[in-house]
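Let's take a walk through this fold, one sheet at a time. Have the structure open and rotate along as you read.

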Amino acid sequence: MTLLLCSLCGPGQGVTAQNTARIDYPYASHKPLREPTIFAEGVISTGDFDSHPAFTADGKTLYFVRSTPTFNLWTILVSRFEKGRWSTPEIAPFSGQYSDADPFIPADGSRFYFISNRPVGKKSKPDLDIWVMEKTGAGWGQPNNLGAAVNSPGSEWFPTVAANGTIYFGSDREGGKGRTDIYRSRLVNGKYTEAENLGDAINTQLNEFEPLIATDESFLILMTGGRADGRGGFDLYISYNRDGAWTKPANLGDKINSSGNEYSPAISPDGKYFFWTSTRGFADKPLEKRLNYQELMKKLRSPRNGLGDIYQIDIGVLGIGK
């Protein structure tokens, strides 16, 4: 049996061709997905600004973000796979008042990370911090701020966590190489160490953020914009950890990136699919014919309207490690 993408699985979660066949993950496709495919069109990806998918370990619950078109309020929603379909999303119990986004659940399912501008104690915060909730028998515990070792007076974004507990995230804190950089903080004896900048190999004078770290830290998928080989707005790139040094980030190519913005990289719990958000839309290219009013309104109020949609594709398309 061939081990499939072990670096994407949690400790003790090697996925083999044999045991993968026995698991019926709700997001799994019965045919190859070699092209970008909108996920759960009409329920999850709706024509609103939908983004940032995060599955529970069994793949049966999906958390994601729905935003205002102007991106000034973010809310975390939850949908469950029930009776053969994804349920109508509901606002997650811990969300709905403040801007909450960027959910992440590690492979062991023990914690739930997200960002928020909610107050710390009774003190309001104009910036975004990383928060975490512990798994309980009744769901998720109370959100706790990760504290000063990780959070700063600036904003933090998109936490993802390696198997050893090291957390990777974006931040616009002072002292960076550009407007936003990627940082990491190691977990030592149950406490996070002071965050460190990933350095010149990853960060530039441009914007780098939204890092997806492999559980074994062998590779990093990140969002960045303004590079010479970019496809338009913000693109997704991949960098490999070679003996402790990061390689130059490589563009993930035309099937992942577009003339719009791509972000929120995620890998399914079984390691077989890549999920991400794209603002690609029907108006990115000249229209083939004149639209009437009904046709125009349908396109404007449906997925592919230029707001965020969640996409899915076979992980093999990325060519990770090749």
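Start with an open sheet of 4 strands, laid out in the order β14-β15-β16-β19 and paired in antiparallel fashion. At its edges stand β14 (156–161) and β19 (196–197), each with a single partner strand, so one side of each is left without a neighbour in the sheet. Keep in mind that what you're looking at is a predicted model.

Now go to the middle of that sheet. Strand β15 (residues 167–171) runs antiparallel to strand β16 (residues 181–185), and 5 bridges join the two. If you'd like a spot to zoom in on, pick Phe 169: its bridge partner in β16 is Tyr 183.

There's another open sheet to find, again with 4 strands and antiparallel pairing, and here the order is β3-β27-β26-β25. Its edge strands are β3 (37–38) and β25 (262–267), each of which pairs on one side only. Inside this sheet, strand β26 (residues 273–278) and strand β27 (residues 309–314) pair in the antiparallel sense, with 6 bridges between them. Look for Ser 278, which stands opposite Asp 309 in β27.

Next, swing over to a hairpin. It is made by β9 and β10, with 6 residues between the two strands, and Gly 109 in the turn has a positive phi of about 70°. The strands run antiparallel, and 3 bridges join β9 to strand β10 (residues 111–116). One pair to click on is Phe 104 with Tyr 113, its bridge partner in β10. Is β9 buried or exposed? Strand β9 (residues 100–104) is mostly covered, with 5 of its 5 residues buried.

Time to zoom out. The protein has 27 strands and 2 helices, and 52% of its 322 residues count as buried. How does the overall size compare with a compact globule? A compact globule of 322 residues would have a radius of gyration near 20 Å, and the protein has 19 Å, so the two agree. Along the principal axes, the C-alpha trace spans about 60 × 50 × 45 Å.

Contacts across the chain are worth a look too: of those between residues at least 6 apart in sequence, 48% join residues at least 24 apart. On the outside, the accessible surface comes to about 15600 Å², and 51% of that belongs to carbon and sulfur atoms. As for charge, there are 35 positive and 36 negative side chains, with the centres of the two sets 4 Å apart.

Note on methods:
Residues numbered from 1 in each chain as written. Predicted model: local features only at pLDDT ≥ 70, side-chain atom pairs only at ≥ 80, totals over all residues. Heavy atoms only, no water. Buried < 20%, exposed > 50% of the residue type's maximum accessible area, 1.4 Å probe, protein only. Pairing = 2+ DSSP bridges. Rg over C-alpha atoms; globule rule 2.2 N^0.38 Å. Contact = heavy atoms within 4.5 Å. Areas by Shrake-Rupley, 256 points an atom, 1.4 Å probe, with all protein chains shown as cover. Lys, Arg positive; Asp, Glu negative; His and termini not counted. Charge placed at Lys NZ, Arg CZ, Asp CG, Glu CD.
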